[in-house]
Amino acid sequence: MEQTESDKPCVSRLELFLTFSRITLSSFGGALFWARLGLVERQRWLSEREFAELLTLGQLLPGPNVLNLTVLVGYRFAGWSGAAVSVAGYLGWPFLVVIGMGLAYQHYGALPQVQLALAGMSKVAAGLLLATVIKLATVLPLRWRPWLFGLLAFVGVGVMRWPLLWVIGALAPCAIFLAWKTKD
Amino acid sequence: MDRLDLGALFLHFLALWCVAVGGPSAILPDIHRYVVEVHHLLSNREFAEIYTLAQVAPGPNVMYVTLIGWHLAGWAGAAATTIPLLVPATTLTLLVGHFNERYPNAAIFRAVRSGLMPITIGLMFASATILMRAVNHEWRGYLITLLTAALVLRKTWNPLWLLAAGAVAGMAGLV
């Protein structure tokens, strides 16, 4: 079940920078979809399972989960400097783009068309996120326990709308403990 | 509008990002409270417009914090709201990433990865359904969302075309 060192592809810092630049510059309406597409399907640097594992770690830590994922991927392939170039690619471009849009906003104000375009794009973006989750769910083993925990997390946050920290606080210790006890 | 204290803004954002487990959406309400309700740096309308602009821009949606800073105080403001987003997250993640790569088979990392992965996926599914309900108000919207998911799962088209189609449909007033 664990990845081994030997099947880790060789990735240069330039490739990391370019790949995360491409991911971020495609990321309309959420970055997760594009991160999975770029890292798992296009570059094949990570298996579906490795992606889900790194995303899990990134989710645990404070901060945006895809930014944390970027750090983890950069570090895995090229150490500290790999993490630095990955983050530079991932956040550098949006930083400049968003300021450019801020400039335009100050001069022209918000155009009503922007609001309309966003309304249309957001419906598509919700579909992209949905497809990403369905693909990620295929890595869960076909046993009842992982699916039960996934279902409880979904119902707690998505249906009951309980605070995220309460749901994680209740589920995570049980899940980690049970996984610790199980050897698979 | 209150007098802008960039140092205080920086420190407040830094503190928020240190506890932002669950990502940007967890601290959005507090950012709004701080800049709109407590310090009156932005009006509600300005906040909403800035948030929308950042959503339209490529990149993580969280870049609205950069735009808030830039709107308030130019480059210095952008730095004051962006650096707090960057520093706690990357520092902690590097630390954890370092140990995870060095000891991939340590029992604790195995247990965390395999135990929490289903929870992460459940939470992502919750985000997807919450987002779907937030952006859609009638059946045509849901149809577009579900059609997009189905197309992405079955076809290898570049999804940028789907987003562009969504933008055009929105501007044409179809959805």
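**A buried threonine, two bent helices and a shared core**

B:T81 is found in helix α4 of chain B. The model that contains B:T81 is predicted. In this model B:T81 has 27 other C-beta atoms within 10 Å. A residue counts as buried once 20 or more such atoms lie within that distance. B:T81 is therefore buried. Neighbours within four places in sequence aside, B:T81 is in contact with B:L9, B:F13, B:V65, B:T66, B:I68 and B:G69. One of these partners, B:V65, stands 16 residues away along the chain. The C-alpha atoms of B:T81 and B:V65 are nevertheless separated by 5.9 Å.

Chain B is divided into three parts: domain 1 (1-102), domain 2 (105-135) and domain 3 (138-175). Between the C-alpha centres of domain 1 of chain B and domain 2 of chain B the distance is 24 Å.

Helix α5(B) has 29 residues. From its first C-alpha to its last, α5(B) reaches 42 Å. That is close to the 42 Å expected at 1.5 Å a residue. Even so, α5(B) carries a kink of about 35° at B:L116. The kink lies shortly before the proline B:P118. Of the 29 residues of α5(B), 21 are buried, so this helix is largely enclosed by the rest of the structure.

The two chains touch. The contact takes 88 residues from chain B and 85 residues from chain A. On the side of chain B that touches chain A, the elements giving two or more residues are α1 (6-18), α2 (24-38), α3 (44-56), α4 (64-102), α5 (107-135), α6 (139-154) and α7 (159-171) of chain B. Helix α5(B) gives the most to that side, with 24 residues. By type, the residues on the side of chain B that touches chain A divide into 57 nonpolar, 28 polar and three charged.

Chain A comes to seven helices and zero strands. Its elements run α-α-α-α-α-α-α from the N terminus on. The C-alpha trace of chain A spans about 60 × 45 × 25 Å along its principal axes. Of the 184 residues of chain A, 54% count as buried. Contacts between residues at least 6 apart in sequence were also examined in chain A; 55% of them join residues at least 24 apart. The domain assignment splits chain A into domain 1 (9-139) and domain 2 (141-184). The centres of domain 1 of chain A and domain 2 of chain A, taken over C-alpha atoms, are 25 Å apart.

Helix α4 of chain A covers residues 65-108. How far does this helix span between its end C-alpha atoms? A straight helix of 44 residues would span 64 Å at 1.5 Å a residue, but α4(A) spans only 33 Å. Helix α4(A) also bends by about 145° at A:A78. After α4(A) comes A:G109. The phi of A:G109 is positive, near 75°.

The largest nonpolar core has 110 residues. Which of them touch the most other members? They are A:L129, A:A153, B:M63, B:L67 and B:A128. Helix α4(A) gives the most to this core, with 19 residues. A:A153 illustrates how the chains meet. Not counting residues up to four places away in sequence, A:A153 touches A:V167 and A:L171 in chain A, and B:I119, B:G122, B:L123 and B:A126 in chain B. In soluble globular proteins, nonpolar side chains tend to be buried together.

Conventions
Residues numbered from 1 in each chain as written. Chains lettered and ligands numbered in written order. Predicted model: local features only at pLDDT ≥ 70, side-chain atom pairs only at ≥ 80, totals over all residues. Contact = placed C-beta atoms within 7 Å. Helix = DSSP H or I, 4+ residues; strand = E, 2+ residues; numbered from the N terminus. Nonpolar A, V, L, I, M, F, W, Y, C, P; charged D, E, K, R; others polar. Expected span 1.5 Å × (residues − 1). Bend = angle between axes of the 7 residues up to and from the residue. Buried ≥ 20, exposed ≤ 12 C-beta atoms within 10 Å, placed from the backbone. Domains from an automatic or database assignment. Core = buried A, V, L, I, M, F, W, Y, C linked by C-beta atoms within 7 Å.
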